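Student: I should like a close look at a single strand of this protein and at the parts that surround it. Please take me through the matter in one connected account.

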Amino acid sequence: MKETFIIAEAGVNHNGDIKLAKRLVDIAVRSRANAVKFQTFITENVISTFAPKADYQVKMTGGDESQFEMVKKLELSFEHFRELKEYCDENGIKFLSTPFDKESADFLIDELQLDTIKIPSGEITNAPLIYHIAQKQPNIILSTGMATLGEIESALGIIAFGFLNKSEEPSLNAFSESFISEEGQKVLREKVKLLHCTTEYPAPVEEVNLLAIQTMHNTFGLETGYSDHTEGIAITIAAVAMGASIIEKHITYDKYAEGPDHKASLSPEELTLLVDGIRQVELAKGTGVKIPSKSELKNIQIARKSIVASRDIEEGELLTIHNIAIKRPGTGLPPLDYWKVLGESSKRKFKKDEGIILK
């Protein structure tokens, strides 16, 4: 069975400090996650000075500064990301990062040569950015927090159009035609994976809607995973049991550190427990074929029952409900033969609890 791809989401929990960013890489490596992911952006390109903070951001960082001022402090330079990519390579973990603007996308794909780009939930309606990324032909992981199935389809149409490198001008009609075309569907299956997500930090458990993982997979025929913002690891592990093939979870070195995302992130110890738990679930999912397992075979005769004498029986005596019973072990006639045995003449003497034999 294919192993669940586990992404340790460092995000901006480095607080703009390259040393803390490397510390997050170390945490991901020790947990045996498959990848560690950051966020690459130029604040001036993605946030206006009039943008308000989200409620959770106000709660975690206060309301004295704007969203622009808060995010600017969390920005790492392209040079920092070069260093982080090299550090990840040296430590044997896949480096991923989410671009929030075209310049950052160009840097990650063209310069750092990333083969996979994560498009975050907040950018699922950012058609120009999605199209720009798709034209560069990377593998794409598309997060779908706050989105409807219709919005996901629209984004996939843009991606398909970009992948196909058609000469016509981008348009809603061109996107739709690319999505429904045979070649568009083929390239989406080859290049795109989806992530179900609830965009709140931390996400309320009652709003997680894990069943949407299968809904999205069945609707679009694409590999589907789960980006989790709930507290703890229980919901994340449940998502794997329900079919999520990719897991993304925020990590931190300190859940009480200053910054917007630390509280909804896993501690190093929790991340290790999560990875271990996911690997156990993978083993437990099995093949889906309902047959006795190897370890069960030795217990069949012990746990099941057979037809026995409920008291001493004489040869020639009729076998009735008064002299036969169903008891362990299951080494004799199976209970399914109970009605076949009733009314038969005993072929020999049987002692109490001895297994009945008809021949």
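Tutor: A residue counts as buried when its relative accessible area is under 20%, as exposed when that area is over 50%, and as partly exposed in between. The model discussed here is a predicted one.

With that cut-off in hand, consider strand S2, residues 35-40. Six of its six residues are buried, so S2 is largely enclosed by the rest of the structure. In a regular strand, side chains alternate between the two faces of the sheet. Both faces of S2 are covered: on one side Ala35, Lys37 and Gln39 are buried, and on the other side Val36, Phe38 and Thr40 are buried.

The neighbours of S2 within the sheet come next. Strands of a sheet pair through backbone hydrogen bonds, in either a parallel or an antiparallel manner. Strand S1, residues 5-11, runs parallel to S2 and is joined to it by four bridges. Across this pairing, Ala8 stands opposite Val36, and Glu9 stands opposite Lys37. S1 and S2 also belong, together with helix H1 (residues 18-31), to a right-handed β-α-β unit. Strand S3, residues 94-99, likewise pairs with S2 in the parallel sense, over six bridges. Here Pro99 of S3 is the bridge partner of Thr40.

These pairings are part of a wider arrangement. Eight strands form an open sheet with parallel pairing, in the order S3-S2-S1-S8-S7-S6-S5-S4. Its edge strands are S3 and S4 (116-119), each of which pairs on one side only. From one strand to the next, the twist averages 25 degrees.

Helices also pack on this sheet. Helix H5 lies across S2 and S3, and runs at about 175 degrees to S2. Helix H12 (residues 234-241) touches strand S7 (224-228) and strand S8 (246-250), and its direction makes about 175 degrees with that of S7.

The contribution of Phe38 deserves separate attention. Nine aromatic pairs are found in a search of the whole structure. One of them joins Phe38 and Phe81 in an edge-to-face arrangement, with 6.5 Å from centre to centre and 70 degrees between the planes. Since Phe38 lies in S2 and Phe81 in H5 (residues 78-90), the pair ties together parts that are 43 residues apart in sequence. Phe38 has 0% relative accessibility and therefore counts as buried; Phe81, at 0%, also counts as buried. A further aromatic pair involving H5 is that of Phe78 and Phe107, which is stacked, with 4.2 Å between centres and 5 degrees between the planes. This pair links distant parts of the chain, Phe78 being in H5 and Phe107 in helix H6 (residues 102-111), 29 residues apart. Both Phe78 and Phe107 are buried. To return to S2, Phe38 forms one aromatic cluster with Phe81 and Phe95.

Charged contacts complete the account of the surroundings. Side chains of opposite charge can pair when their charged atoms come close. The structure holds 24 salt bridges. One of them connects strands of the sheet: Lys118 and Glu248 form a salt bridge in which the closest N and O atoms are 2.8 Å apart. Lys118 is in S4 and Glu248 in S8, so this pair ties together parts that are 130 residues apart in sequence. Lys118 and Glu248 are both buried.

H6, which carries Phe107, also takes part in a salt bridge. Asp110 pairs with Lys136, the closest N and O atoms being 2.8 Å apart. Asp110 lies in H6, whereas Lys136 lies in the loop between helix H7 (127-135) and strand S5 (139-143), 26 residues apart. Lys136 has a relative accessibility of 27% and so counts as partly exposed; Asp110, with a relative accessible area of 43%, is also partly exposed.

A salt bridge within a single helix is provided by Glu190 and Lys186, whose side chains meet at 2.5 Å, N to O. Because these two residues are four residues apart in helix H10 (residues 182-191), Glu190 and Lys186 are separated by about one helical turn. Glu190 is partly exposed at 47% relative accessible area, and Lys186 is partly exposed at 44%. Elsewhere, Glu3, Arg279 and Glu282 are joined into one network by salt bridges that share partners.

Conventions: Residues numbered from 1 in each chain as written. Predicted model: local features only at pLDDT ≥ 70, side-chain atom pairs only at ≥ 80, totals over all residues. Heavy atoms only, no water. Buried < 20%, exposed > 50% of the residue type's maximum accessible area, 1.4 Å probe, protein only. Pairing = 2+ DSSP bridges. Right-handed = clockwise from strand over helix to strand, strands pointing away. Phe/Tyr/Trp six-rings, centres within 6.5 Å; stacked < 30°, edge-to-face > 60°. Axes fitted to C-alpha atoms, helices over the stretch in contact; angles between N-to-C directions. Contact = heavy atoms within 4.5 Å. Salt bridge = Lys/Arg side-chain N within 4 Å of Asp/Glu carboxyl O.
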